[in-house]
Amino acid sequence: MPNPLLTTKPEPVPQPLDYAAGEQPPLTLGPYVKPIRARWTAGLVVGMLAATFEIMVPQMLQHIVDSLQSPTEAAIWIGGALVLLLGVTSAALSFLRRFLAVDPTSTMETRMRMNFFDKLSRSPLSFFDRWTSGQLLSRSLSDLGTIRRWLSFALIQLTSIAVMFVVSAYFMVQASPSLAIIFLITIPVLFLSVFNYTRNYHKLTRVISEKTADLATSVDESVRGIRVLKALGRSPQVIEAFNRDAQEVNELEYRRAALVGRVAFYQRCIMGGAMLAVLYYGIPQVAEGTMSLGALSAYFALLTAVLSHVQRSTMLISGYLGYRVAWERHVQVMGDESVPEDVALVPEQEQPRAFEAPVRIDFEQVSFGYPRKDGSEHRVLEDISFSAAPGEIVALVGATGSGKSTALTLLPRFYEPSAGRVLMNGQDISALDLTSLRRSTAFVFEEAVLFSGSVRENLLLGLPAADSVPEQELKALLNQAIKLAAAEFIFDLPEGLETRIGEEGMSLSGGQRQRLSLARALLVRPSVLLLDDPFSALDVATEERIINGLKAAREAQDLAALGYATTVLTAHRPSTVALADTVLLLEHGKIIATGTHRQLMATSAAYRDLMTMEEE
């Protein structure tokens, strides 16, 4: 059972940004702090009060020491009680500060993380061409944690130290103006000692953050490609490379720790010199009677407390520098100039579909190129035009790099054409709502993408509001999709649909993953089905069964059938191409021949050569 004294009341979790309503991700901290400003400010005030009560303890020490010169039992008890009261009050205020500051800043971190993930989910694919997974992972986790710790702890502590400095200066001047000069000289010297430290620490922190993110990328890539590494016998080389990069990060961390240690050494020397000076000039004043022994004791205790906190401010400044680096890295991603996709935040059951039946697809003089780092464009498609009738199966074929897969990515608007138009039922898809458009399409990639979880969870991933569908109807839909995708192997798994397939579905074979991915797409009942060489791991008989099932659904004119869709696919194998209604031959991003498989085999030498080479 949680301790009620250690449990704080959580702030309500905010909703993600609504881009459809014109909201944009903040690039300054102000909008994130605004909702928690009142409670955080209260925590700041309480922190300053705690620092003030802490400084009052040496003043009670002066009373106790001076009382010992002509002691009375009552005076000693009163002084001790006051010290205890001040200590308990300071501790209680410190607890209250955490109570007031931790939950609001944690809520702020949650909102920042939600906005960060929202940014990733809405960014076009070109965004991910520029950012590695490790960089995005470190910025979404460790960097946001650094920002939260700065606001919830370090900033309040620094402000409290500043208040402590002002209050201490007042008491020191009251006790001895001459000794107060030592304090006023020591503080600037302490801060001067960290001048070069801040610049070097900031530089090292940025490099360490980048290198650590690169390490995270290496781990991610190695885990994803572990089978390839083992198959090629490259594990020792990968380990050696990782150790080399990890050692580089370790050396940078050592340099940063050495920098902190060096500054701490300088500051301790400065503090020691200041205390020696206080004793050197203070003891004669006590001997002369111009200053009481209690006042000197209180002054010495006050100086010790303040200087120790000032020394601790070096670590707090380190926290500030870490915060600066973390915020800069956060803004790099959130301020990326990629135009966010106009995906609306609406409940699944309310998401409309752009089309409810198979549609006509038209490419009108479409060109596309991937941007290069120098700002130029690498053209992949050049002035291509073709049409796909409702329910038709169209195959795009060509050598590697001819632009087949890129053409498919333009239909759900993963990328926008550099020139020309893509039409569905005569409408330019660039004018359609992106959510509605993608609810009308389904994409099956050559490299089947599955997620950790059960087979059932993976199949239902694209089905809106699956929980609201009656169980019997849902079961029938699942069975239809599984049958049409020739994925009956699912029922032979240890727990059937509830079998957990592990990360990326690596417990399944390549062909099983492809069929499971196809069943997931068919379950959406798309109006447009996009297949990027999804049968590469299947045998010819299974492939023919799937294609014939799609054709049968079209010929039946059954709008409720899962396979009744206009289908555009890319393929290499002649067995796949032969089952298409229309075949388009691409070469260097241009369509050079159109017809059926039989027609092109008879009329196009380039097509015959390609198909013959694929068969061989």
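So, the side chain of Q514: one of its polar atoms sits 3.2 Å from the backbone oxygen of E446. Keep in mind this is a predicted model. Q514 is in helix 16, and is it buried or exposed? Buried: the relative accessible area is 5%, and the cut-off for buried is under 20%.

Who's around Q514? If you skip the neighbours within four places in sequence, the contacts are E446 and A448, then D533, P534, F535, S536, A537 and L538.

Okay, zooming out to helix 16 itself. That's residues 510–522, and the helix lies across strand 6 and strand 7, running at about 175° to strand 6. Those two strands are parallel, with four bridges joining strand 6 to strand 7, residues 528–532. If you want a spot to click on, T441 stands opposite V528 in strand 7.

Now the whole sheet. It's open, six strands, in the order 6-7-8-3-9-10, and the pairing is mixed. Which strands stand at the edges? Strand 6, at 441–444, and strand 10, at 590–595; each has a single partner strand, so one side of each has no neighbour in the sheet. From one strand to the next, the twist averages 20°.

Let's move to strand 3. How many of its residues are buried? Six of six. Both faces are covered, with I393, A395 and V397 on one side, and V394, L396 and G398 on the other. As for partners, strand 3 pairs with strand 8 in the parallel sense over four bridges, and there L396 stands opposite T570. With strand 9, residues 582–587, strand 3 also pairs in the parallel sense, this time over five bridges, and G398 stands opposite L586.

Helix 17, residues 540–555, lies across strand 3, strand 7 and strand 8, and it runs at about 145° to strand 3.

Last stop, helix 15, residues 471–484. Quick sanity check on the geometry: with 14 residues at 1.5 Å a residue, the helix should span 20 Å, and the end C-alpha atoms are 20 Å apart, so that agrees. The buried residues of helix 15 are L474, L477, L478, A481, I482 and L484. On the spacing in general: an α-helix has 3.6 residues a turn, so residues three or four places apart point the same way. And what covers the buried residues of helix 15? The cover includes helix 14, at 455–459, along with helix 16 and helix 17. One more thing if you're looking at torsions: just after helix 15, A486 takes a positive phi of about 55°.

Note on methods: Residues numbered from 1 in each chain as written. Predicted model: local features only at pLDDT ≥ 70, side-chain atom pairs only at ≥ 80, totals over all residues. Heavy atoms only, no water. Pairing = 2+ DSSP bridges. Axes fitted to C-alpha atoms, helices over the stretch in contact; angles between N-to-C directions. Contact = heavy atoms within 4.5 Å. Buried < 20%, exposed > 50% of the residue type's maximum accessible area, 1.4 Å probe, protein only. Polar contact = N/O pair within 3.5 Å; in protein donor to acceptor, adjacent residues only side chain to side chain. Expected span 1.5 Å × (residues − 1).
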